[in-house]
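Thanks for coming. I have one structure to go through today, and I will keep to aromatic rings and charged side chains.

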Amino acid sequence: MSLSRAAASRFRCGPFRYLTTSCGLPNPDYVNVSSAPSNYDNSAVVYPGFLSDEEGQSLVKEVSKRMKRRRFEDGHWDSVISKYREIELATPHEVDNESTIDVPQYAQTIQRTRDILKSYVSPQLTNHMKWLPCHAIDLSKNGRLDAHVDSVKFSGEIVAGISLLSDSIMRLRPAKGEWIDDASDESSGGYVDLYLPKLSLYCLHGMSRFHYSHEL
């Protein structure tokens, strides 16, 4: 799971402009499938208004404190992201094993998010799965997150993120990823746009996770 502090969209909002937000449930109106390939399985979801203002401020405060001395990097070893800063935001052990009393609010928020995301993990894995560390990414105003399919080794079965400081558009395109067959073909065309307003949660699973690239 990633937490995006800022992201500059390179796509116009189009039909998303007048949507309203409501927390608690994914809203299909925030996923534009009008240009999607015919076999797309609606495996990308967006929860608008997922965080309260207080939860968002708590996460921003914690991330800002940890990023204070970090400089923006020109690029990453996989050439996917540029002009960014990144930290690992570990969740205290007691969130999973003890009462939430005295546990920092940001950690409680991460755990609440993971509780929601469990429903998108294969049932055979939920009893013995282990969450990968949460990362926070800060894109500069000139930053880019180009099309890619995340490695299973480093990102697991689902990909999810929360927008902390700004709205953005995520675009999904058919692409060949890791451990998939030839059914996914970049030449097939089509795309899916996710509107990610500030404080929203998105999750990519199934076809969206493995057969589609994503970019901001």
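I will start with the overall picture, then take the ring pairs, and finish with the salt bridges.

First, a caution: this is a predicted model, and side-chain atom pairs count only at pLDDT 80 or more. The protein has six helices and 10 strands. Of its 216 residues, 45% are buried. The exposed surface comes to about 11,800 Å², with carbon and sulfur atoms supplying 49% of it. As for contacts, take those between residues at least 6 apart in sequence: 76% of them join residues at least 24 apart.

Now the rings. A pair of aromatic rings is described by the distance of the centres and the angle of the planes. How many aromatic pairs are there? The count is three, and I will show two of them.

Take Tyr30 and Tyr195. The ring centres are 5.7 Å apart and the planes are at 5°, so this pair is stacked; the cut-off for stacked is under 30 degrees. Where do the two residues sit? Tyr30 is in the loop between β1 (2-6) and β2 (31-32), while Tyr195 is in strand β8, residues 192-196. The pair therefore ties together parts that are 165 residues apart in sequence. Both Tyr30 and Tyr195 are buried.

The other pair is Tyr47 with Phe50. Here the centres are 5.9 Å apart and the planes are at 70°, so the pair is edge-to-face. Tyr47 is buried, and Phe50 is as well.

Two arginines also sit over ring faces. Arg85 lies over the face of Phe72, 4.6 Å from the ring centre. Arg171 does so over Tyr191, at 3.9 Å from the ring centre. Keep Arg171 in mind, as I return to that residue shortly.

On to the charged pairs. Side chains of opposite charge can pair when their charged atoms come close. Searching the whole structure gives nine salt bridges, and I have picked out three.

Glu55 and Arg112 form one of them, at 2.9 Å from N to O. Glu55 belongs to helix α1 (residues 53-67) and Arg112 to helix α3 (residues 105-117), so the bridge ties together parts 57 residues apart in sequence. Are these two residues buried or exposed? Glu55 has 13% relative accessibility and so counts as buried. Arg112, at 31%, counts as partly exposed.

Next, Lys65 and Glu62, whose closest N and O atoms are 3.4 Å apart. This one is within helix α1: the two residues are three apart, about one turn of the helix. Lys65 counts as exposed because its relative accessibility is 58%, whereas Glu62 is buried, with a relative accessible area of 11%. Glu62 and Lys65 also belong to a network of salt bridges that includes Arg66.

Last, back to Arg171. Which residue does Arg171 bridge to? The partner is Asp193, with the closest N and O atoms 2.7 Å apart. Arg171 is in strand β7 (residues 168-174) and Asp193 in strand β8, so to speak of distance along the chain, the pair links parts 22 residues apart. Arg171 is buried at 11% relative accessible area, and Asp193 is buried at 6% relative accessibility.

To tie up: Arg171 takes part in a salt bridge with Asp193 and also lies over the face of Tyr191. Strand β8 holds Asp193 from that salt bridge as well as Tyr195 from the stacked pair.

That is the material I had.

Methods:
Residues numbered from 1 in each chain as written. Heavy atoms only, no water. Phe/Tyr/Trp six-rings, centres within 6.5 Å; stacked < 30°, edge-to-face > 60°. Helix = DSSP H or I, 4+ residues; strand = E, 2+ residues; numbered from the N terminus. Buried < 20%, exposed > 50% of the residue type's maximum accessible area, 1.4 Å probe, protein only. Lys NZ or Arg CZ within 6 Å of the ring centre and 35° of its normal. Contact = heavy atoms within 4.5 Å. Areas by Shrake-Rupley, 256 points an atom, 1.4 Å probe, with all protein chains shown as cover. Salt bridge = Lys/Arg side-chain N within 4 Å of Asp/Glu carboxyl O.
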